[in-house]
Each structure stands twice: as structure tokens, then as C-alpha cells.
Amino acid sequence: MIHSNAALMKIKKFSTAIVISQLALSILTTASIQIYGLENRQVEIPCNTSVMNTDNMILVLWFRNANATGASIYSVDARENVRKDHFTSTDANLTGRIRFENSHPFSSLRISHLKKSDAGIYSCRVDFHTSPTRLTISHLHVIVPPKSLTVTDRNQSKSLIGKVGPYREGSILRLSCEAEEAQSTQSISWIISEPPNYTHSSLINASIVVRNTSKIMRSDLDLLLTRDILDTKITCQILDEKFGPIKNVTIKIDLYLKPLSVKVRPHKSVVAGIKEIFSCESKGSKPLPFFRWKINGKPINKIQSLKIVNSTREFTSQLLYEPSRDEDGANLTCEVSNQNFPASNSLIDSVKLNVWDKPIAQLSFLTTSTSNNTFREDSTVRLLCNTSDSNPGVEEIIWYVGSTVLDKKTDSNSGYSFLGEELQIKNLSNKHVGRYKCRARNAMGFSLSNEIGLNVEYSPMCVSGQKIIYAMVPNQILQISCEMEAYPIGMTFSWTNSNGGPFPPDWLYNISQKGSISYIEILRASNLPTEVACSAQNSVGSSREPCIKTILQAGPPDSPFNCSLSDDMTRISCLPSLDPIGDQKFVAMIFNNNEVEKLVTSLEQNGPIFNVNFLKPNTSYWVEIFSKNTYGYSRKEVIRFTTKRLESSQGSFSFFSGPNSFYIYTYVVPSLLIIIAIFVIFLIHSRKRSSIKITEQSFKSSKYNGKRDTNVSISAKENNIPQTETVVGFEKQLLPEEEALIKNCESNEVVEKLREMASVACYDPANREGILGFQSERKMLAPNMPEMPGIHFTSV
């Protein structure tokens, strides 16, 4: 098929070749061109008006035949400055419908409102000044559409046009499209368009039936009306082989739509006696759905409002409802339906009402007890804080033993396991005895459960905090007590040595019992220091660990240890020494190292912490720290340090400046220098007289596997401190007459003399070897401790 415009293009393509091949002829004729036009439309018939070289077109004539003879139907005077168009046809059908369109080098004859009678052969003759006459021949074919085109609903046997329906969603629409007097070159087709989300899965069947006898062409279309068919345009059209679609009928589908969803909100708890707004949301229905509210199947006619969003077919029904406590757990139901569909297409949603109240807690044992809520030690006990009847749910459970709250972090190390409503107590012991209760909390508040007692049967065990170190005084009775706790409380006691064996045969002792306390009175004991063990037994079993008691020979206490000076140099702190007697005092003697052998002060108190904030700045000190009791003094710990320098203030007054400076430098300073020189000479002379060296013999500790050397050497040449002498744990400056006496410490006369002169005891190290080694394991660390800046430790 070549339309009028296509014919012009064809002439452009071949005209030059035609002219060259027929140059010798008087009339140049092109091959016949097939032109197709549609009835009632316009068509253009081509004419080759191209001019060769410098030639000019003179005349254009149109004819209704192939040889350009007879009367023309249209003429154009093409001379320059003379151009005129003339309609010369005698055919009234063409009047007013034809027009020459000159478009150099190709022109055309335009026929509008084409009629079937316009079909036939047309020729265009063009005359030139010098060139041969040119003849263009065209054959016009007029296509006539069907007489009528109708779309019919086969279910209802009625014609459809425009918006049709509404039909039910899910039904089948059966359509027919009939064309009357359709030509053989024409066919029927269907177009389904708008909205764009339509899918061809809705197309069930499409067929074409042609009735030749009645000249009716028919096509059937069956559609499943899904939701996406709503507002879809369906077009039945006639297709021509040459022109494509030439006639159509369009319908638009309207539908009834079922509800797609229903949702009751809110899904939350409510409070009894408080009005609450419940919403029932539904989507997809067309037209407006019907809402029904029910509580446990009974209708509710208290709809407050209805909200509609038409653009998206969303609907909301709101119910103002006041639930009661007995409706806890009831089902609140919303039913949505479309009256254009059967009841089976209704949608239902419900919410279970949770009516809020304070929690209800009931405490009970999950573990069976022997009797009266009593359990054996080492077993596992489970307690349940039942809050199943609480609404809303419990957010927190707090456990109490008496008035004490159990802490989930710290008490987990004491055998407690917190498992929601359950409390597990593993490795049961006497520390778990008490009265238990739980406290439950929810959004409405707190409530306390009933209280139940927990008793534990356990074997005897030592009571903590009792005395464990005793001192044996010769010729005196030593009473040692051993207190045990157990349940049942009936106990029998036994005493042994620390290894579980009997006491040595030379011991004299007596054992008694009063309730849960056993006493052993020792008249005579050997091999001191030593340990004794106390055990007990009840109906549950024997004590797992005995109570160990240490017996020491009475004597002086151990020395304080780990002494240190605070950062601000205002406090000296030590760890207390061991004293089996229990009446020790702590002494700190403070000396000024800048002044020869000057004792600043002596501090005595019950604890080894001393306040020294009174010391002078920028001054060197040493401090001797020891403890004492009824039987003597401990060895000393020595700290050396220098106090900090005070920062001078700017602009302060100086006594050595101003009008007094001449007097001071002339008289005062020389006098002070003379006095200091005399004092130094006297000090040197005195130190030479009293310089001696006393050494306490080494001894070996029976408790520690190693040697302990307590040799002490102090001289006037060392650290510029006064010479002192050590007499078994006490340090005192000696007078010249005492020097001879100290050479033989084992002499009874010397001991007595030293007691009178120095008020100290001289003990034979051989007799104290075991005691000194046994008294304090911690004290052994002090001689080996590293020095710290500004502090010097010395074992004396």
C-alpha cells in the first residue's frame, strides 16, 4: 500500500531516471501509482512538477483518466506572475473538495471528505517551456469502513457503550463485537487498556466468528473480572490491511468489590470502668461496607463514628466502649461485609480484651519439704511467685528475705537463681534461712505476696567472729571457747589436735559444754605454739570444717608492718601486728634529722595510724614505730622522709633587708656561727664515746622453712642518726655505764639491771625462737619490701 505522501516520495526517487530514459519522447509518462484513501478522510494524489535545468513550468492539468484526454477536472496556470487555479470539472461531487498543493519540485491534488465514488484513475499533465510534457498516472482506491460496530453483553443480551456495570468482582463477563458489512480486508481486534496494572491473566477466551450470509463479522471475548479490571477500558476495533484501525467502540468496566481486609485496633490492654475507643479498619470494599460489632457473639449498637477515605477505599468504624472487669478475656469482634456479595464473603477480626488490674501474687514451694517447710542442706529449693492471674502481665518481681531485698547481681553468687516467677536456691545452707515473700509490679502498681518461712537442717559449723588466737601464761589456766551453730541445735563436741589426733599425754585439760558452746580449760600444754581443733555433730551430720584455735606462749607482740606515709605527708599508716594477749598499744617516736638527736614527739594510741600534720616543712625526719603489751615491746619499723618545701609568696617582707640588715650581718650572724661550731665539737666528742655495735643473734622460725636474720647494726656514722642499742625488740639510747652490762645478755643480774635502767625485758632468743617465727607471717615481708621515694623501711 502506498498512501498519497508515499506516492510523492516514490516519484522523487524515480523521476530523474524516467526523464533520462524518455528524453527523446514528446510526453514523459510515469508508471501508474496505487493510492489508497479512507472514506470521509482526505487523500493526496501525487504529481511530478520538478523542473529540469533552467526550464519553467507553464501549465498543470488533472484528468480522470489515464491518457490525460478529454476535459480536465482541475487546471493550474503556472506561468510566472500569472499563477491561477481553476476547478474545471463538471462533477458536482468534487465541488469544494479538491485543491492543488504546489510544493516544488513535487505537488499533489488533495481530495477531502473522500467518497467511495472518488475511486478511479487520475492523471496529472505538466507542460514546460522547453522540456517535454510530463504525465503522472495514479490509481485511487477508496476504503469503506463497516456500516456499524456493536459491543454486546452476551449474559444479558444488551449492547454496551461507555461505562458499563457494575459487575461483581470474580464474575465472568462475556462480550461480543459485531461489525456489519465489513470488507474482506478488514478484521476485528480487542484492546484492553487502563489501568496499567491490568494483567492478561484475566483473559479467558477470545474468538472471531464471521457470518458471510448476513455480512456480519463477530468476535467474542470472555473476561474474569478481577479487581484490576475496575475502570479498565476495553475497545473493539476494525483493522484494515492498509490503514490499520478504522473504527472502534470502547466500554469502561465498573465493579462491585469485596472487602480486602479488616483490622480491630488497638490491640492493647484497657482499664475496667474507663471508656476506650476501638477502631475497625477495612480496605477495598466498593461501595461502602457494612460494619457489625459484637462482644462474645452479642451485638453492640454503640458505634460512635464512621470515617471514610474514598480515594483509596479505606473505611474506619469507631466504637466507644467501657469494658467491665468480668469481660477480661472476652472477644471484641468486628464484621465487615458488602451487601452485593453473599454473606460468605464477609471478613471478621477480633481482639481479646485485657482488662487491667493490680497484679495478684501467690508464693508457694515447688519443692517438697520434709516438714514445716524444712529442707536439708546442699539440696535445691524452688519457690514460685505465681502471678498468672495478673492482668496486665507482671513487669518485675522483687524477692525478699525478711525485709532484705535480694539483688540479682550480688546474690547470684550466694546460690540464688532468678528465673522469672521462680526463685531457685542451690546448695542450701543456713545462710538461706528466713521468711520469704515476693513483690510483683505491673503497669497498674504493686502487690505483695503471702510470706512463707524456709528452714534448713544443716550440720554444725563454726560461728564467725569468735576468738581464734590465745596466749598461754605459765602456771595459769587457759580457757578456750568453741561456738558452733546447727539445726537441729542438739550437738556433741570433741577436741583434738590440728591433725585430728589426741593431745600429747603430758597435757592437762578439762572439756565442758554449755548449749552450743564447748570449753576446754588447759592447765598445762607443751610444744607451744600449737593448734587445737574443735568439731561437733548433730542429726544431720558432722561439722565439715573444725574450728581451729591457736595457742601461743605469752610474750611481746609482733611489730607493725607495711608502714607508709600519705602523699600529703600528714598521716603515717601501718597494718596492725599480731598480739595474742590483746592489750597492745602502738607507739610512733618522731625524730628531727636536721637537729642532733632531737626527739620531736612520741605518739601512743590503740591503732597504727598516726596524724603528723604538725611537722615542719622542708625538714628531714625519721619515725620509729612499734607496738607493746603487758609482756614487752615489738621490733621497730623505721620511716625516713623529708617534708615538702613551702612556696614563698611574692612581695613578702624579709627580715634581712632594710635598715636592720647592717646590724644583723655585723653582730647576730657571727655569734650564731660560733655557737653552732661549739655544739658540733661537743656532739662529735660525745658520739665517739658512745659508739658501739650490738648484734642480736640470728634465729630460725619453726613455722617457716627458711632462716630469719634479725641482725641489727646501728652506728653514729650511718645516716647521721643517734647511736642506739637493740635489746630484743626494744630500742633505747644507752648511757656509758650500760655498755659493759649489755655484753652478757644471758646473765640474770644483767637482765634485772636492764629492767631497772631501761624498763625493758631481755629475752633469750633461743627460748623465743618458735614464738617469734609463729607470731606473724606477714611481718616477714617488711624487711624485703622495696624502698619508695621519700620513705625508708628498716627492720630494727
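Let me begin with one particular bond: a disulfide, which here means a pair of cysteine sulfur atoms within 2.5 Å, joins Cys280 to Cys334, with an S to S distance of 1.9 Å. The torsion about the S-S bond of Cys280 and Cys334 is about -90°, so this disulfide is left-handed. Cys280 lies in strand β22 (residues 276-283) and Cys334 lies in strand β27 (residues 331-337), so the pair ties together parts that are 54 residues apart in sequence. When I say strand, I mean a DSSP run of E with at least two residues, just as a helix would be a run of H or I with at least four residues, and these elements are numbered from the N terminus.

Before going on, I should say that this is a predicted model, in which local features need pLDDT of at least 70 and side-chain atom pairs count only at pLDDT 80 or more, while totals for chains, interfaces and linings use all residues. Residues are numbered from 1 along each chain as its sequence is written, and side-chain values use heavy atoms, with hydrogens and water left out.

Are the two cysteines of that first pair buried or exposed? Buried means under 20% relative accessible area, exposed means over 50%, and partly exposed is in between, using a 1.4 Å probe and protein chains only. Cys280 counts as buried at 0% relative accessibility, and Cys334 is buried as well, with a relative accessible area of 0%.

How many disulfides are there by this rule? The count comes to 7 disulfides, and I will describe two more of them. One of these joins Cys177 to Cys236, S to S 1.6 Å, and since the torsion about its S-S bond is about -85°, the disulfide of Cys177 and Cys236 is left-handed. This pair links distant parts of the chain, with Cys177 in strand β14 (residues 172-180) and Cys236 in strand β18 (residues 233-240), 59 residues apart. Cys177 is buried, with a relative accessible area of 0%, and for Cys236 the value is also 0%, so Cys236 is buried.

The other is formed by Cys563 and Cys574, whose sulfur atoms are 2.0 Å apart, and here the torsion about the S-S bond is about 115°, so the disulfide is right-handed. Cys563 sits in strand β47 (residues 561-565) and Cys574 in strand β48 (residues 571-575), 11 residues apart. Cys563 is buried at a relative accessible area of 1%, and Cys574 counts as buried at 7%.

Let us turn to a sheet. An open sheet of 4 strands has the order β30-β32-β36-β35, with antiparallel pairing, where two strands pair if DSSP finds at least two bridges between them. Its edge strands are β30 (362-365) and β35 (416-419), each of which pairs on one side only. Strand β30 is joined to strand β32 (residues 381-386) by 4 bridges, and the two run antiparallel; the bridge partner of Gln362 in β32 is Asn386.

Finally, please find Glu377, which lies in the loop between β31 (374-376) and β32. Glu377 is buried, with a relative accessible area of 17%. Which side chain makes a polar contact with the side chain of Glu377? The partner is the side chain of Ser459, at 3.0 Å. A polar contact is a pair of N or O atoms within 3.5 Å; within protein, one must be able to donate a hydrogen and the other to accept it, and residues adjacent in sequence count only if both atoms are side-chain atoms. Leaving aside neighbours within four places in sequence, Glu377 is in contact with residues including Leu428, Val456, Tyr458 and Arg544, where contact means heavy atoms within 4.5 Å.
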